[in-house]
Structures are given as structure tokens and as C-alpha cells.
Amino acid sequence: MQASRLRLRSWNVSQSAISHAVTAAEAFLGVQLTDRTTRPISLTTEGKIYMATLINCLNHLATEGDALRRSKTRNTLTI
């Protein structure tokens with residue numbers, strides 16, 4: 001969990017903001033994503049599956065964004 005906290009700090013996201021986002025996601029999805037009975041908290045099985053899906057989505061978005069940035073430079077017409 002320490003590495004996660006360091007990453008959050010580098011993104012300027014507070015632990016409180018993440019907590020609220022997770023709580024909102026749990027309410028929206030109707031499932032518990034984290035096990036709050038342990039310290040540090042851990043992901044439930046559903047949370048692990050959802051996290052893996054989110055990571056795949058974010059990686060796909062990053063890849064597509066990179067492709068768009070590269071294509072922008074190739075589609076420039078110089079006269």
C-alpha cells in the first residue's frame with residue numbers, strides 16, 4: 001500500500017479523495033470493492049477484478065492517446 005500512496009502523491013490526489021471515490025463506486029456498483037476489516041485495507045475478489053478491468057481500460061486509453069498524438073504529426077500537409 002505504501003507504493004500506492006506514493007503514486008497518489010505524485011498525482012496530487014489525497015487519500016480522502018480516493019476513499020470517497022471508492023465509496024461512490026461501491027454504491028454505484030452495489031458491491032464491496034475493499035475489505036476494510038484489515039489494515040492496510042485490501043481489495044475484495046470483486047475489487048481485484050474491477051481494478052484489473054480499470055487498469056486495462058486506462059492502458060488502452062493511453063495507447064490510443066499516444067497513437068493520436070503520433071498521427072497528428074504525420075497528417076500535416078506542408079505546401
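What follows is a chat about the fold, contacts and salt bridges of a predicted model.

User: I'm new to this one, so how many helices and strands does the protein chain have?

Analyst: The model is predicted, and in it the protein chain has 3 helices and 2 strands. Read from the N terminus, the elements follow the order α-α-β-β-α.

User: And what share of the residues is buried?

Analyst: Of the 79 residues in the protein chain, 11% are buried. The chain exposes about 6800 Å², and 61% of that area is supplied by carbon and sulfur atoms. As for contacts between residues at least 6 apart in sequence, 7% of them join residues at least 24 apart.

User: Let's look at helix α2. What span should it have, and how far apart are its end C-alpha atoms?

Analyst: Helix α2 has 15 residues, which at 1.5 Å a residue should span 21 Å, and its end C-alpha atoms are 21 Å apart, so the two values agree. Just after α2 comes G30, which takes a positive phi of about 75 degrees.

User: How many salt bridges are there in the whole structure?

Analyst: A search of the whole structure finds 2 salt bridges. In one of them R36 pairs with E26, and the closest N and O atoms are 2.6 Å apart. This pair links distant parts of the chain, as R36 sits in the loop between β1 (34-35) and β2 while E26 belongs to helix α2, 10 residues apart.

User: Is E26 buried or exposed there, and what about R36?

Analyst: E26 counts as buried because its relative accessibility is 10%, below the 20% cut-off for that class. R36, with a relative accessible area of 39%, is partly exposed. Apart from residues up to four places away in sequence, E26 touches V31, Q32, L33, T34 and R36.

User: Which residues make the other bridge, R69 and what else?

Analyst: The side chains of R69 and D66 meet in that salt bridge, at 2.3 Å from N to O. These two residues are separated by about one helical turn, because they are 3 residues apart in helix α3. R69 is exposed, with a relative accessible area of 53%, whereas D66 is partly exposed at 35%.

User: Why can such side chains pair at all?

Analyst: In general, side chains of opposite charge can pair when their charged atoms come close.

User: Changing topic, where is T44, and what does it touch?

Analyst: T44 is found in the loop between β2 (42-43) and α3, and it counts as buried at 16% relative accessibility. A polar atom of its side chain lies 3.0 Å from the backbone nitrogen of G47. Leaving aside neighbours within four places in sequence, T44 is in contact with Q32, L33, T34 and D35.

User: What about E46, which residues does that one touch?

Analyst: E46 lies in helix α3 and is partly exposed, with 43% relative accessibility. Not counting residues up to four places away in sequence, E46 touches V31, Q32 and L33. The C-alpha atoms of E46 and V31 are separated by 7.5 Å, although the two residues are 15 apart along the chain.

User: Last thing, which residues form the nonpolar patch on the surface?

Analyst: The patch is formed by F28, L29, V31, Y50 and L54, which together have about 450 Å² of accessible area. Helices α2 and α3 (45-74) each supply at least two of its residues. Y50, which lies in helix α3, counts as partly exposed at 32% relative accessibility.

Note on methods: Residues numbered from 1 in each chain as written. Predicted model: local features only at pLDDT ≥ 70, side-chain atom pairs only at ≥ 80, totals over all residues. Heavy atoms only, no water. Helix = DSSP H or I, 4+ residues; strand = E, 2+ residues; numbered from the N terminus. Buried < 20%, exposed > 50% of the residue type's maximum accessible area, 1.4 Å probe, protein only. Contact = heavy atoms within 4.5 Å. Areas by Shrake-Rupley, 256 points an atom, 1.4 Å probe, with all protein chains shown as cover. Patch = residues over 30% accessible without salt bridge, like charges linked within 9 Å, V, L, I, M, F, W, Y side chains within 5 Å. Salt bridge = Lys/Arg side-chain N within 4 Å of Asp/Glu carboxyl O. Polar contact = N/O pair within 3.5 Å; in protein donor to acceptor, adjacent residues only side chain to side chain. Expected span 1.5 Å × (residues − 1).
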